[in-house]
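Here's a protein to explore at your own pace. Have a look at the structure below, and then we'll go through one of its pockets before stepping back to the whole thing.

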Amino acid sequence: MNIESSINGNWWIYGQNAPPHYGVLSLRDDGLTLEVNESRSLSVEEVFRRALTPEDPPAEGIIHGRGERCGPITLFGCWPVRNYSTERIHHVISPLAGVSGLEVKSWREPIARSICLNFEYLNRWFAHKVLEPIQTSDGIPGWAIPHFEDSIFPVHEGLTVRFVRQTLPSSSLDERRFTPSCNVYLSFAQPVSLEDVTGRWIPWITRFFSLLIGTKIECLSTEISATDGFTPPQDIPQEWGKILRRTSKPKRTHLHDPSPATMLVPFATVQNRLQAMLERWHDINQRMQPVVDLFSAVVLQHSIYVQAQFLFLSQALEVYHSSSLHFESKKLSKADHAQRVDQIVAIAPEQLKEWAERELRSRNSKYFNDRLLEVFQANEREAKLLLGDIRGMADRIAYTRNHFTHYHGDTKSDRFLTETEMYRVNYSIEVFLWILLLKELDIQGPPIERLLYRVKGATFVNLKEVVKGS
């Protein structure tokens with residue numbers, strides 16, 4: 001479904017029980033803007049009074065509209081700014097998001113059975129051939145449009161993922177074009193809300209592809225359907241609504257122009273394992289969602305200051321230790337710890353029993369530096385290449401993190417990471433976490449070596465020095 005850069009239509013800015021007003025919705029990279037002119041005959045006195053003390057009812061938080069060519073539109077998170085004159089009231093409304101093509105009651109209404117996502121660079125990841133060479137019946141070389149490729153993966157109960165690859169022809173008086181089209185469809189057994197679509201499922205699949213491609217990629221468009229697009233497999237719903245949101249041009253964080261030669265895990269190397277990888281990714285997000293969130297906030301954004309990056313990355317390592325299946329976060333088993341606490345409380349003075357029990361019950365978790373060391377030792381080769389002395393670095397990371405959370409450390413201590421060191425350590429932890437997530441997807445070998453090479457070939461520049469390598 002194609003959406004114009006602006007949509008003319010009627011808008012119920014005071015609710016559906018009030019009459020509509022004509023206006024224009026502008027769709028730009030920096031967001032949505034609805035401008036409505038409401039005809040009013042006002043005296044000069046009224047203009048000044050309303051400007052100083054608005055008397056008009058507030059615009060609805062949700063505004064419904066009807067476009068001239070794209071049918072129903074619903075706008076969410078609306079707040080108006082009004083300008084008054086003697087002939088009209090000019091409303092300038094900046095919605096946070098919208099949906100065109102479908103009737104939607106609220107952002108939390110379960111409505112979507114299928115979503116269709118279009119990503120940048122996905123055709124490169126699939127290495128989709130736009131045209132294929134052929135021999136005609138009379139032996140003349142020619143070109144043909146490749147067959148429609150369709151892959152369907154039942155990932156989890158109630159969730160199915162579908163990859164559709166095809167070449168779309170178009171023509172004009174001057175030329176004929178063939179454009180690669182690779183779309184991702186997610187289908188749900190039960191309808192999901194727009195809140196779930198944008199807050200959970202778009203990040204879920206975007207991060208999956210970003211992890212494999214090796215850089216942040218952008219979801220260019222999102223369409224939703226109230227019908228299931230997987231029954232039978234050949235059918236794709238024809239009636240789609242499009243989510244209207246601000247589209248930001250992605251700041252490339254690792255690869256400026258991804259190609260099959262520079263991607264970490266090209267499709268060709270894992271196409272026979274995609275089912276298992278998607279299932280694993282679903283499990284990873286269920287089991288260690290904070291790790292994925294913290295990793296993505298730093299590695300796929302690079303828009304926060306160095307100390308915040310350090311805290312996010314450190315927290316991601318700590319949560320990885322507690323949520324991974326490879327480590328035990330407690331010093332003693334629950335039974336052994338309880339037994340020791342009971343023994344000590346039994347011989348404590350009566351006035352200290354309650355305090356001793358409360359303090360000791362909560363002291364069974366491993367210290368942060370011990371958790372870090374266990375994660376580093378479990379991935380010793382990569383950790384040593386990235387961080388050097390892993391025991392010493394585990395201690396320094398823990399000491400510095402504890403200072404930033406409690407501010408009781410000595411910033412002149414050799415254990416404290418300086419800001420210059422922090423940039424280098426952050427980058428090494430980024431790559432280390434990337435490697436951990438790839439290993440959770442059961443990916444080894446060349447992709448991990450490519451990540452290690454990134455750090456080896458990195459140059460860190462500041463106003464005082466230029467440092468190469470990790």
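## Who lines the second largest pocket?

Helix 13 gives the largest share of the lining of the second largest pocket, with seven residues. If you want to find this helix, look along 419-440. Strand 17, at 459-461, also supplies at least two lining residues, as does helix 13. Keep in mind that you're looking at a predicted model.

How many residues line the second largest pocket in total? There are 17, and the closest to the pocket's centre are Thr420, Tyr423, Arg424, Phe460 and Val461. Try picking out those five in the viewer.

## Volume and chemistry of the pocket

This second largest pocket has a volume of about 430 Å³. In general, rolling a probe the size of a water molecule over the atoms is what shows where empty space is left.

What classes of residue make up the lining? It's a mix: six nonpolar residues, six polar ones and five charged ones.

## Stepping back to the whole protein

Now zoom out. The protein has 14 helices and 18 strands, and its C-alpha atoms fill a box of roughly 85 × 85 × 50 Å along the principal axes.

Of the protein's 470 residues, 47% count as buried. On the outside, the protein exposes about 24,900 Å², and carbon and sulfur atoms supply 51% of that area.

## Who touches whom?

Take the contacts between residues at least 6 apart in sequence: 65% of them join residues at least 24 apart.

Definitions and conventions:
Residues are numbered from 1 along each chain as its sequence is written. This is a predicted model: local features need pLDDT of at least 70, side-chain atom pairs count only at pLDDT 80 or more; totals for chains, interfaces and linings use all residues. Side-chain values use heavy atoms; hydrogens and water are left out. On a 1 Å grid over the protein atoms alone, a cavity is a set of points where a 1.4 Å probe fits but cannot get out, and a pocket is an open set with protein on both sides within 12 Å along at least five of seven lines; lining residues have an atom within 4 Å of a point. Grid points are joined across faces, edges and corners, and a volume is the space filled by probe spheres set on the points. Helices (H or I, at least four residues) and strands (E, at least two) are DSSP runs, numbered from the N terminus. Ala, Val, Leu, Ile, Met, Phe, Trp, Tyr, Cys and Pro count as nonpolar, Asp, Glu, Lys and Arg as charged, and the others, Gly among them, as polar. Buried means under 20% relative accessible area, exposed over 50%, partly exposed in between (1.4 Å probe, protein chains only). Contact means heavy atoms within 4.5 Å. Accessible areas come from the Shrake-Rupley method with a 1.4 Å probe; for residues, only the protein chains shown count as cover.
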